[in-house]
Amino acid sequence: MALGVLSAAAFLLSTVGAAQAADFPAKDSRYHSYAEMVTDIHAVAAAHPDIVSVFSIGKSYQGRDIWAAKVSDNVATDEPEPEILFDALHHAREHLTVEQALYLFHALANGYGSDTQITNLVNGREIWIIFAMNPDGFVYDLTCTGSSHPPYCAWRKNRQPNAGTTAIGTDLNRNYGYHWGCCGGSSGSPSSILYRGKTSFSAPETRAFRDFVLSRIVGGIQQIKAHITFHTNGELILWPYGYTKADVPADMTAADHQAFVTMGDAMAARNGYTAEQSSDLYITDGDQIDWLYGSQRIYSFTWELFPTETPTVWGDHYPADENIAPQTARNRSALLYFLTVAACPHQTINRTMTDCGPFFDDVEISRGWTVDPDGTDTAPSNARFARADPVATSINGVIFQPDKVVSGRYGFVTGARAGDRTNSNDLDGVTTIRSVPIQLPATPGDLSFRYSFAHGSGSSADGLKVFIEDDTATRTLVWHKDGNGSIVGSTWVRGWAALAPWAGKAVRIVIQAADGGPDNLVEIVVDDIRIERPTS
């Protein structure tokens, strides 16, 4: 016990000493050390308290703060504005990424009130910047006096020990929890620079990031719309996925892919980078942008900064400090473009009216719907609405449950029974889902959705209904589809309802499916639920 305490104390003292000594050589003095970065971001916050707040999202393995800033008008208030996230320095040796984050931070703070575009962006967004995801590695990378390029260590990972081995560190950008370790894009060896960790989110730094992102789920809806992570090097703009070579796998919609390509190409046209899918560079698994998009539907990009590829790690990750100013400023136009369109990426593919209104749910992730909100549903639990991947149910040659949804992989399905194409969990009662509260603008567009309503030779007691619930919990039927005496197979149809009576109010959408006939099969799927923007 005493030896353990002494060892821990010695470790802390050595860490403090290394932190104090960790700095760039005189020839690269324009780079910010960790301590200088901290001083700088706090100075900006002090100079611009109305639009900047600085905070820590958590601690590194060695106890350093992972510093972040929020930039927005009314910065102390959590406003209902689209949120945009940036981060830097997952990998310790990629120091230019910190300078890019600081460049953006200064541009927003100093441009507010004098630059119209920046002022409008800060007024209409909540912008988050995380300056160094890997502060321990940041400090350590500047302490190798005996290396071939002192004081640089060419270190990549964090500084977390790995039990049972002398190897140190986890590659933070292989430690995220979406397709972690799946596909040959990381290593299970602790000595590898691509070591993915013993489990996903085993590193305190990635857990802190995860917890921050999940904290931005407000009222069931993820508030962060888009994200850029800065890395070096290669002058590339990368979009998901890294884990697969497929352009549009099952866990991505065609529209989302189109938006990624359009945004990536537009940014590359502004800074001269090359835009491509992450896996076109090489396969990665457990990386950050895959997790952000795959689990949260945040439109996430990796920027690989200056320089283009060189023959050595020293050329790749340690450009002379004379490059900082021109190479970070080079990205200004692309960053401002991103901040402009990232509030609703589908605007870049001419879907502003349909997808950029006050509510859009393609059902690919959970967005806060409640099943059986009143506690009165009568359908068996295995037949109620569930967010699921439908599987075609064929009975006597009639398809009742479709084999796919309108977009992506998931819809709200009654009687979901994955893998069984000859049977179904019949509805046999009523099932209801209710959305989170949605604030309608003064001139709301229509409610729009796609549905498939298949049934046997039942009765008008079978049906699909849509209600609008106001803030007094009063529900108004705005659309319905009744069954009839015929056998009707699965067909996708658009339903819609006008919302003008609720202009300017907070409402919920309530969808109810009913199977009221005895011994009659009913299968219903709902997908792509929107409240559109008005046409004028």
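Q: How do the residues lining the largest pocket divide into nonpolar, polar and charged?
A: In this predicted model, the lining of the largest pocket divides into 21 nonpolar, nine polar and twelve charged residues.

Q: And how much space lies in there?
A: The largest pocket holds about 1,300 Å³ of space. Its lining is made up of 42 residues, and those closest to the centre are Ile221, Lys225, Gly357, Pro358 and Phe359.

Q: Which elements give two or more residues to that lining?
A: Those are the strands β6 (221–222), β7 (224–232), β11 (359–361) and β18 (438–439), together with the helix α13 (352–355).

Q: OK, what about the second largest pocket, what volume does it have?
A: The second largest pocket has a volume of about 410 Å³, and of the 27 residues that line it, Arg156, Arg174, Leu281, Tyr282 and Glu304 lie nearest its centre. By class, its lining has eight nonpolar, eleven polar and eight charged residues.

Q: Which element supplies the largest share there?
A: That is α10, with three residues, while the elements that each supply at least two include β7, β8 (236–239), α8 (278–281) and β10 (299–305).

Q: Switching to cavities, how many are there of 30 Å³ or more?
A: The count comes to one cavity of 30 Å³ or more, and about 40 Å³ of space lies in the largest cavity.

Q: What lines it?
A: The largest cavity is lined by Tyr103, Leu104, Ala107, Leu108, Ile118, Arg332, Leu335 and Leu336, a lining with seven nonpolar residues, one charged residue and no polar ones. Helix α3 (96–111) and helix α12 (332–341) each supply at least two of these residues, with the largest share, four residues, coming from α3.

Notes:
Residues are numbered from 1 along each chain as its sequence is written. This is a predicted model: local features need pLDDT of at least 70, side-chain atom pairs count only at pLDDT 80 or more; totals for chains, interfaces and linings use all residues. Side-chain values use heavy atoms; hydrogens and water are left out. On a 1 Å grid over the protein atoms alone, a cavity is a set of points where a 1.4 Å probe fits but cannot get out, and a pocket is an open set with protein on both sides within 12 Å along at least five of seven lines; lining residues have an atom within 4 Å of a point. Grid points are joined across faces, edges and corners, and a volume is the space filled by probe spheres set on the points. Ala, Val, Leu, Ile, Met, Phe, Trp, Tyr, Cys and Pro count as nonpolar, Asp, Glu, Lys and Arg as charged, and the others, Gly among them, as polar.
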